[in-house]
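Colleague: I'm new to this and a bit lost in all the arrows. Could you take one strand and show me closely what surrounds it, then where the trail leads from there?

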Amino acid sequence: SSNTVLRVESGGVIAGVQQLSGYPPVLNIWKRSGTYYQSLVSGYNVVNVTIEGTRKSSNPDLAQAGGIIDGNAWWLYTPKRVRGPPLVMFVNASNVTVRNIELRNGGWMLLQPVLTNYLTVDNVLLQSPRGVGGAQRIGQDGGLILTSVQHATITNLRTRTGDDGTALWTLNLDSQVSHDGTRHPTQHVLYDSCYIESRSFAIGSHLQGHVKHITVRNTKIGNDLGWCPWAIKFKNYGLAGLISNITFENIQLGVVQPNQYYKKSYTFQIVATPPSVRGIEPARYEHIVFRNVTAKKVHFVGSFIGASHNAPITNLTLQDVNLPAVQKKWRCKFLDWDTLHTHNVHPKFCKR
């Protein structure tokens, strides 16, 4: 309910049961086939809600110093092709704070605010079990998935998950929640001083409502073990939408390379998939900035591919980008060369 604080003290655990029958079916906001289940902790149509623990550090290698919300490894108990319940979810919420706590072992997403305005996430650890060497993906355990969220500040977040560590989505225009037919963007979001030890930092996938005005700074993506084969990925999967005014600055990448589950690897990936339905405008990418980005080692530098000649990537900037790569040739297609800006990029970027 609104005006609520859920506090999990040091040593305390809120644990989910390991039977699907303990989670009732809920509204399918995606209009996809299949059943969706109630989160372990959720809030619908709420205002002024806080979930907090007493953690003093987001470093999972240190002794625990705060509360835990544990979904009990749901993907191990969920039938094939059935998504387990997200761990913590908000829908139609405002003024939400999650801080100083660990969320782990979700059945689908660990933390998913949907249609939420004014979100604060600080000093939160999101993690799920991994395979040998940490490179194995286990289930659909995404970390922080912002879905049509406006005005969010994410600081000192650490993710250790097999799927996207964090992703920025928007609801489909015809979803049951967005029934009014208007666009619900994810916009005005700041990530600062975060550490993403997961498959990737993703922007898009579901983006019909647009993703705009996003800043990611002073952040680490990947580690020395190669947990992050995709690093920074923009994706639209044949759906329309706009990705605009996205800035990554002061970014430190770890080892970005393929593993047994992901045969392809890339550091930057913008591939505007053409529309899957006739009559839909292609996805548009504009005003994308990568500034002061370094890496320990990468296998492939990346791809920048617009949707078409009529819908190129415009106003792309790469400045002070240094990637020690095995495959040094960038893949570029459908760029607006007149608005491309590069300076001090290694390996050398594409030419017209």
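Modeller: Here's a walk that starts at one strand and moves outward through its neighbours. Keep in mind that this is a predicted model. First, the general picture: the chain has 23 strands and 0 helices, and 57% of its 352 residues are buried. Contacts across the sequence matter for reading it, too. Take the contacts between residues with a separation of 6 or more: 77% of them involve residues 24 or more positions apart.

Let's settle on strand β7, residues 109-127. Is it buried or exposed? Of its 19 residues, 15 are buried, so the rest of the structure largely encloses it. You can see part of that wrapping in its strand partners. On one hand there's strand β6 (residues 88-104), which pairs with β7 in the parallel sense over 14 bridges. One place to find that pairing on screen is Phe 90, whose bridge partner in β7 is Pro 113. Then there's β8, also parallel to β7 and joined to it by 9 bridges. Look for Met 109 here, which stands opposite Gly 142 in β8. A third partner is strand β9 (residues 158-160), parallel again, with 3 bridges to β7. In that pairing Leu 126 stands opposite Thr 159.

Now follow β8 outward. Strand β8 covers residues 142-155 and runs parallel to β10, with 4 bridges joining them. Ile 145 has Ala 167 as its bridge partner in β10. Strand β10 itself spans residues 166-169 and is a nice one to rotate: Thr 166 and Leu 168 point one way, Ala 167 and Trp 169 point the other way, and all of these residues are buried. So what does β10 pair with on from β8? It pairs with strand β13 (residues 200-204), in the parallel sense over 3 bridges. Leu 168 has Ile 203 as its bridge partner there.

Hang on to Ile 203, since it takes us into the packing. Ile 203 is one of the residues touched by Phe 234, along with Ile 243, Ile 246, Phe 248, Gln 269, Ile 270, Val 271, Tyr 285, Ile 288 and Phe 290, leaving out residues up to four places away in sequence. Phe 234 sits in the largest nonpolar core, which has 77 residues, and together with Phe 290 and Phe 304 it touches the most other members. Apart from that core lies another one of 7 residues, and it includes Tyr 36, Trp 108, Ile 145 and Ala 202. You've met Ile 145 already, as the β8 residue whose bridge partner is Ala 167.

Phe 234 also hands us on to Gln 269, Ile 270 and Val 271. Those three turn up again around Ser 303, which is in contact with Phe 268, Gln 269, Ile 270, Val 271 and Arg 331 once neighbours within four places are set aside. Ser 303 lies in strand β19 (residues 302-305) and counts as buried, at 0% relative accessibility. Its side chain makes a polar contact of 3.1 Å with the side chain of Arg 331.

There's another buried serine worth a stop. Ser 265 is in the loop between β16 (242-256) and β17 (268-271), and its relative accessible area is 4%. What does its side chain reach? It reaches the backbone oxygen of Val 256 at 3.5 Å, and a polar atom of the side chain also lies 2.8 Å from the backbone oxygen of Pro 229. Beyond four places in sequence, the contacts of Ser 265 include Trp 230, His 299 and Phe 300.

Finally, let's finish the trail at the cysteines. A disulfide is a covalent bond between the sulfur atoms of two cysteines. This model has 1: Cys 332 and Cys 350, with their sulfur atoms 2.0 Å apart. The pair links distant parts of the chain, with Cys 332 in strand β22 (residues 331-333) and Cys 350 in the segment after β23 (341-346), 18 residues apart. The link is right-handed, with 75 degrees about the S-S bond. Cys 332 is partly exposed, at 23% relative accessible area, whereas Cys 228 is buried, at 0%, and Cys 194 is buried as well, at 4%.

Key. Residues are numbered from 1 along each chain as its sequence is written. This is a predicted model: local features need pLDDT of at least 70, side-chain atom pairs count only at pLDDT 80 or more; totals for chains, interfaces and linings use all residues. Side-chain values use heavy atoms; hydrogens and water are left out. A disulfide is a pair of cysteine sulfur atoms within 2.5 Å. Helices (H or I, at least four residues) and strands (E, at least two) are DSSP runs, numbered from the N terminus. Buried means under 20% relative accessible area, exposed over 50%, partly exposed in between (1.4 Å probe, protein chains only). A nonpolar core is a set of buried Ala, Val, Leu, Ile, Met, Phe, Trp, Tyr and Cys residues joined through side-chain atoms within 4.5 Å. Contact means heavy atoms within 4.5 Å. Two strands pair if DSSP finds at least two bridges between them. A polar contact is a pair of N or O atoms within 3.5 Å; within protein, one must be able to donate a hydrogen and the other to accept it, and residues adjacent in sequence count only if both atoms are side-chain atoms.
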